[in-house]
Structures are given as C-alpha cells and as structure tokens.
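Subject: Structure for your review

Dear colleague,

Please find below the structure that I am handing over to you, together with its sequence. My findings follow it, and I would be grateful if you read them with the structure open beside you.

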Amino acid sequence: MALDFESVLMPPSWLPLVALLAIIAISALRLFSVERKHGVKAFSFGRHAAIQGVAERNWKLATALALASALAAWLTPDWEAALGRPAWADVAALKWVSALVFAGSVLIIATAQLQMGASWRIGVPAEGPGALVAHGLFGWSRNPIFVGMIGAMFALFLWSPHLLTAAGLAATWTLALVQVRIEEEAMREKHGDAYERYAAEVGRWFGRRHVSAS
C-alpha cells in the first residue's frame, strides 16, 4: 500500500472546527462561572444598545459563518472551490501556520478571560464595565480577547481562503472596531485618570509604551 505523505504532513481537517468550538465552550463556561461566583450579569449589551446591537449581530454572523466554513472544510472540502478557494490553499506549510495561529488564539482568549476575573463581560452593560484590569496579557494589550478572536478568524481564512471566511473575518473586525470604542468610552467614564494612564502605556491591540513622567 502506497503511503500518502501529503496527507500525513497535513494537520487534521477537523482542527478549525475543534478550535472554534473550544473558544465557544471556554467563553460559555467562563460566562457561567462569573455569573455564579460573582453574581454579575456578564452578557449584556445595554450601553448604547442600538450601536452594540450592530456589533452583537456581527458577532453572531461571524460565528455562524466561521462554524459553517470549518464544517465545510472538514466534511465537504470540494464545495469550497465554488466559494473561490484557490488551489494553493492546500499547501501543508500554510495549514500548519493556520493551526499555530488557532492554538495561540485559543490560549490568548482563555488566559485573558481568566485574568479579567469578575470584570469579564460580553458587551458593555448599561451600568458600565467592571474593575480595571492591567496585569498579565492586559499589560501588553488593552483588548487581548478581541486580538484572539480576530486571530482565530484570520487562522480560519488562512486555512481555507474563500468568500465565507473573508466575510467572517470582516464581520469580526467590524465587531472589534465598534465594541472597543464603546468599551473605551465606558472605561474612561468609570476609571478616569487611571484608565488614561493605562491607555497611554499599553496599545489598543498590542505593544507597551514607556511614558515619561511629567
């Protein structure tokens, strides 16, 4: 029997679906934990509800597109050609880069959610955010969870670049842009100078800046 070295070198085709389901499961468990342990309603889009509604719909759209794309990549890869998936997407090196980005994104999201503790939220409630978190990953990014979400969608696009994955990545990026600005406004109102100092030292997406004392 001839050995198919190309298939041996490829990561498993179910990997994107498992990675996305892991992110959803981790977030759902964390949501339950925060609400049960701290008595906080961690899922709320009450502040600027109309604007956050757009972000919430984009989040749901991106999730549905991502799951559908990952399922198709696993079970019906031939269908992807109709969506514009190029032949070069089957290169093993590209698949492994995607797998590494998936793994890093899942790790970032899980770690950041734990580090936020009782302050973790999905959305911004009408009463505003929780306590300011500036340690761990938040010492290097003001929005590591969004970085992880965008990373996961980018990994999916790398794994299988076509119309649906591009739309999912665009929807996630739109969600992040809208949601981050609402969160920043709420953080400035609640934490004032403490947040301003934090924002001056840590980048919105990543990076740490040295701010000279005046």
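Are E184 and R142 buried or exposed? Both E184 and R142 are buried. Please keep in mind here, and throughout this message, that the model is predicted.

Salt bridges

E184 and R142 form a salt bridge, in which the closest N and O atoms are 2.8 Å apart. E184 belongs to helix α6, whereas R142 sits in the loop between α4 and α5, so this pair ties together parts that are 42 residues apart in sequence. A network is also present: R47, E185 and E189 are joined into one by salt bridges that share partners. In general, side chains of opposite charge can pair when their charged atoms come close. The structure holds eight salt bridges, and two others deserve a description.

One of them links E56 to K60, with 3.4 Å between the closest N and O atoms. These two residues are four apart in helix α3, which means that about one helical turn separates E56 and K60. The partners can be described by their accessibility. E56 counts as buried because its relative accessibility is 18%, while K60, at 47%, counts as partly exposed.

Another salt bridge joins the side chains of E80 and R85, at 3.3 Å from N to O. E80 has a relative accessible area of 2% and is therefore buried. R85 counts as buried as well, with a relative accessibility of 16%.

The surroundings of S69

E80 appears again among the contacts of S69, a residue of helix α3. Leaving aside residues up to four places away in sequence, S69 touches E80, L156, H162, L164 and T165. With a relative accessibility of 2%, S69 counts as buried.

A nonpolar patch on the surface

Which residues make the nonpolar surface patch? The patch is made by W14, V18, L71, W74 and L75, and its area is about 490 Å². Helix α3, which runs over residues 49-75, provides the largest share of the patch, namely three residues. V18, by contrast, has its place in helix α2 (residues 15-38). At 44% relative accessibility, V18 counts as partly exposed.

The largest pocket

The largest pocket holds about 990 Å³ of space. Its lining consists of 48 residues, and those nearest the centre are W120, R121, I145, F146 and M149. Two or more lining residues come from each of these elements: α2, α3, α4 (92-116), α5 (144-159) and α6 (163-201). Of these, α6 gives the largest share of the lining, with 10 residues.

An unusual backbone angle

Where does H48 lie? H48 is found in the loop between α2 and α3. Although H48 is not a glycine, its phi is positive, at about 50°. For background, most residues other than glycine have a negative phi. H48 counts as partly exposed, because its relative accessibility is 38%.

To begin your own inspection, you may wish to display the pair E184 and R142, which forms a salt bridge, and then turn to H48 with its positive phi.

Yours sincerely,
A colleague

Terms used
Residues are numbered from 1 along each chain as its sequence is written. This is a predicted model: local features need pLDDT of at least 70, side-chain atom pairs count only at pLDDT 80 or more; totals for chains, interfaces and linings use all residues. Side-chain values use heavy atoms; hydrogens and water are left out. Patches are made of residues with over 30% relative accessible area and no salt bridge: like charges are joined within 9 Å, nonpolar side chains (Val, Leu, Ile, Met, Phe, Trp, Tyr) within 5 Å. Accessible areas come from the Shrake-Rupley method with a 1.4 Å probe; for residues, only the protein chains shown count as cover. A salt bridge is a side-chain nitrogen of Lys or Arg within 4 Å of a carboxyl oxygen of Asp or Glu. Buried means under 20% relative accessible area, exposed over 50%, partly exposed in between (1.4 Å probe, protein chains only). Contact means heavy atoms within 4.5 Å. On a 1 Å grid over the protein atoms alone, a cavity is a set of points where a 1.4 Å probe fits but cannot get out, and a pocket is an open set with protein on both sides within 12 Å along at least five of seven lines; lining residues have an atom within 4 Å of a point. Grid points are joined across faces, edges and corners, and a volume is the space filled by probe spheres set on the points.
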